[in-house]
Amino acid sequence: MNRLLLPTLLASAALLACASPALATTGGVDPDQPASPGEQSGGAGYGAPLVTLPGKPRLSAQKLSSSTITVGSRASVVVRINRSKGTSAQVRIAIARKGGKTINYSPGRVTTNRSQVLPLPALAAGSYRVTVSVFGATAQETVRGGVMALTVKPKSVTKPKPTTPAPPSPTSGVFPVRGAYSFGSDGARFGAGRTGHIHEGQDVVGNSGLPIVAPLAGEVRYVDYQASGAGRYIVLRANNGWDMFFAHCQYSSAAVKAGDRVKAGDRLCLLGSTGDSSGPHLHFEIWPNGWRDSPGTKPIDPLPQLKKWAAS
Ligand SMILES: [Zn+2]
């Protein structure tokens with residue numbers, strides 16, 4: 001914490017008791033300035049008796065808890081008022097904003113003869129001058145404190161990290177194979193070993209010629225062919241951002257072309273065994289952040305979602 005301790009303020013030890021009202025206006029005192037003990041004591045030159053008021057408060061120390069804070073946190077001022085008479089004194093705090101208004105804040109009566117922590121009100125960002133004043137019974141007893149600088153910094157806006165949020169799991173949709181099916185053996189599972197790679201989807205085994213439909217509404221990205229692997233395949237970009245990959249469709253069965261918009265349940269192709277396939281099945285993949293759009297994108301295990309669609 002950055003502590004700012006001001007020089008101790010010492011009021012003059014003696015205060016002139018005004019012998020006559022005229023005295024207070026003599027001696028070249030700036031009428032705009034509040035009467036202060038130092039100026040009034042010049043009255044001694046007129047031969048008036050000096051009287052020490054035992055109850056006169058003395059602001060012996062004041063400091064800010066911190067000279068720099070952030071918007072939302074509160075600064076406080078620590079004051080100590082020494083007074084031989086009474087147990088409290090009235091305190092006022094002027095908080096002047098640079099180029100703006102001055103807030104006059106009154107914490108009320110403050111216990112004397114010990115250090116008190118007085119919280120300041122919440123402040124907007126800016127530079128401030130904080131002045132503490134102690135009021136005695138009369139204007140002559142007023143002690144104006146020194147000026148402390150307080151800086152209130154704006155909250156630093158932390159930009160949220162640009163991450164690719166996983167799209168929410170669709171709550172509705174239809175199972176992509178129309179007809180009797182099974183999820184096959186362990187080798188049909190997502191993550192199963194393959195020569196040189198792992199299985200990136202879930203196989204749905206069924207009879208050749210079953211309709212394969214769009215589980216979710218979206219737009220067809222690709223209708224293509226890969227002889228050594230996926231055979232006749234389709235990539236659909238669903239409206240939730242997912243890419244879905246359908247492989248091994250029968251030749252000449254594609255019911256859509258790239259750019260077509262489809263609704264959930266619309267036919268894409270027919271179940272087949274084209275490409276690297278040992279029997280009729282749909283090879284199905286889900287890519288939440290785009291099908292092979294960047295080296296960082298990865299497919300997820302589609303089986304939980306397939307089961308949701310099967311149950312809906
Ligand atoms: Zn497969």
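Start by selecting residues 243-249, strand β19, together with residues 281-287, strand β22: these two run antiparallel and are joined by five bridges, where strands are DSSP runs of E with at least two residues, numbered from the N terminus. Within this pair, pick Phe245 and then look across to β22, where Glu285 is its bridge partner.

Before going further, note that this is a predicted model, in which local features need pLDDT of at least 70 and side-chain atom pairs count only at pLDDT 80 or more, while totals for chains, interfaces and linings use all residues. Residues are numbered from 1 along each chain as its sequence is written.

Next, widen the selection to the open sheet of seven strands, which follows the order β12-β15-β22-β19-β18-β17-β20 with antiparallel pairing; two strands pair if DSSP finds at least two bridges between them. At its edges sit β12 (181-182) and β20 (261-262), each of which pairs on one side only.

Now move to strand β7, residues 88-97, and select Ile93 within that strand. Ile93 counts as buried because 20 other C-beta atoms lie within 10 Å, the cut-off for buried being 20 or more such atoms, with C-beta atoms placed from the backbone. Leaving aside residues up to four places away in sequence, Ile93 touches Val77, Tyr105, Pro107, Leu118, Leu120, Val130 and Val132, a contact meaning C-beta atoms, placed from the backbone, within 7 Å. A distance label between the C-alpha atoms of Ile93 and Val134, which are 41 residues apart along the chain, should read 8.8 Å.

Finally, show the whole chain of 312 residues, of which 29% are buried.

Note on methods
Helix = DSSP H or I, 4+ residues; strand = E, 2+ residues; numbered from the N terminus. Buried ≥ 20, exposed ≤ 12 C-beta atoms within 10 Å, placed from the backbone. Contact = placed C-beta atoms within 7 Å.
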